[in-house]
Amino acid sequence: MPDVRGARILPPEALADLRRAFRAEVAARLPRLQAARVGSGPEELADALRAAHSLSSSAVVLGEPEAARVARRIETALAAGELAGVPAEVDVLVRLLGAWR
């Protein structure tokens, strides 16, 4: 796993808690993104949008800037209703966050 930014100022137990929380978040939110496809209903798309936003924010905090950028692109595409490229971007995000699953 990558180094966490600011790890020198966080107590080890706090850092471990952040990592555990992110691992659980990845496990819960990636499937929601994988479910977002052309033809998905508005509730599924809203759920996927929230998942992308959350993963983007959390990935930055935990030192995963590329994953954060990809999640942000997914969020932007979902918000614009441009779903055609979302599955490929989700595949990239799954690869980038694989160590966290």
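"Buried" here means that a residue has under 20% relative accessible area. Keep that cut-off in mind, because a residue over 50% is called exposed and anything in between is partly exposed. By that rule, Ala67, Ala68, Val70, Ala71, Ile74, Glu75, Ala77 and Leu78 are buried in helix H3. The structure you're looking at is a predicted model, and its chain has four helices and zero strands.

**The whole chain**

- Walk along from the N terminus and the elements read α-α-α-α.
- The C-alpha trace spans about 45 × 20 × 20 Å along its principal axes.
- A compact globule of 101 residues would have a radius of gyration near 13 Å, and this chain, at 14 Å, agrees with that.
- Of the chain's 101 residues, 35% count as buried.
- Take the contacts between residues at least 6 apart in sequence: 61% of them join residues that are at least 24 apart.

**Surface and charge**

- About 5,700 Å² of the chain is exposed, and 57% of that comes from carbon and sulfur atoms.
- There are 14 positive and 13 negative side chains.
- If you find the centre of the positive set and the centre of the negative set, the two lie 4 Å apart.

**Helix H2**

- H2 covers residues 42-61, which gives it 20 residues.
- From first C-alpha to last, H2 reaches 29 Å, close to the 28 Å expected at 1.5 Å a residue.
- Its buried residues are Ala48, Ala51, Ala52, Ser54, Leu55, Ser56, Ser58 and Ala59.
- The cover over those buried residues includes helix H1 (12-34), helix H3 (65-80) and helix H4 (86-96).
- After H2 comes Gly63, with a positive phi near 75°.

**Helix H3**

- H3 has 16 residues and reaches 23 Å from its first C-alpha to its last, close to the 22 Å expected at 1.5 Å a residue.
- Glu75 is one of the buried residues of H3, alongside others including Val70, Ile74 and Leu78.
- The buried residues of H3 pack against H1, H2 and H4.
- Just after H3, look for Gly81, which takes a positive phi of about 75°.

**Zooming in on Ser56**

- Ser56 is found in helix H2.
- Ser56 counts as buried because its relative accessible area is 11%, and the cut-off for buried is under 20%.
- Skip its neighbours within four places in sequence, and Ser56 is in contact with Ala68, Ala71 and Arg72.
- Ala68 and Ala71 also turn up among the buried residues of H3.
- Ser56 and Glu66 are 10 residues apart in sequence, and their C-alpha atoms are 9.4 Å apart in space.

**Zooming in on Arg32**

- Arg32 is found in helix H1.
- With 33% relative accessibility, Arg32 is partly exposed, because that label covers values between the 20% and 50% cut-offs.
- Leaving out residues up to four places away in sequence, Arg32 touches Asp47, Ala48 and Ala51.
- Ala48 and Ala51 are also among the buried residues of H2.
- Arg32 and Glu13 are 19 residues apart in sequence, and 29 Å separates them from C-alpha to C-alpha.

Terms used: Residues are numbered from 1 along each chain as its sequence is written. This is a predicted model: local features need pLDDT of at least 70, side-chain atom pairs count only at pLDDT 80 or more; totals for chains, interfaces and linings use all residues. Side-chain values use heavy atoms; hydrogens and water are left out. Helices (H or I, at least four residues) and strands (E, at least two) are DSSP runs, numbered from the N terminus. The radius of gyration is taken over C-alpha atoms; the globule rule is 2.2 Å times the number of residues to the power 0.38. Buried means under 20% relative accessible area, exposed over 50%, partly exposed in between (1.4 Å probe, protein chains only). Contact means heavy atoms within 4.5 Å. Accessible areas come from the Shrake-Rupley method with a 1.4 Å probe; for residues, only the protein chains shown count as cover. Lys and Arg count as positive and Asp and Glu as negative; His and the chain ends are not counted. The place of a charge is taken as NZ of Lys, CZ of Arg, CG of Asp or CD of Glu. The expected span of a helix is 1.5 Å times one less than its number of residues.
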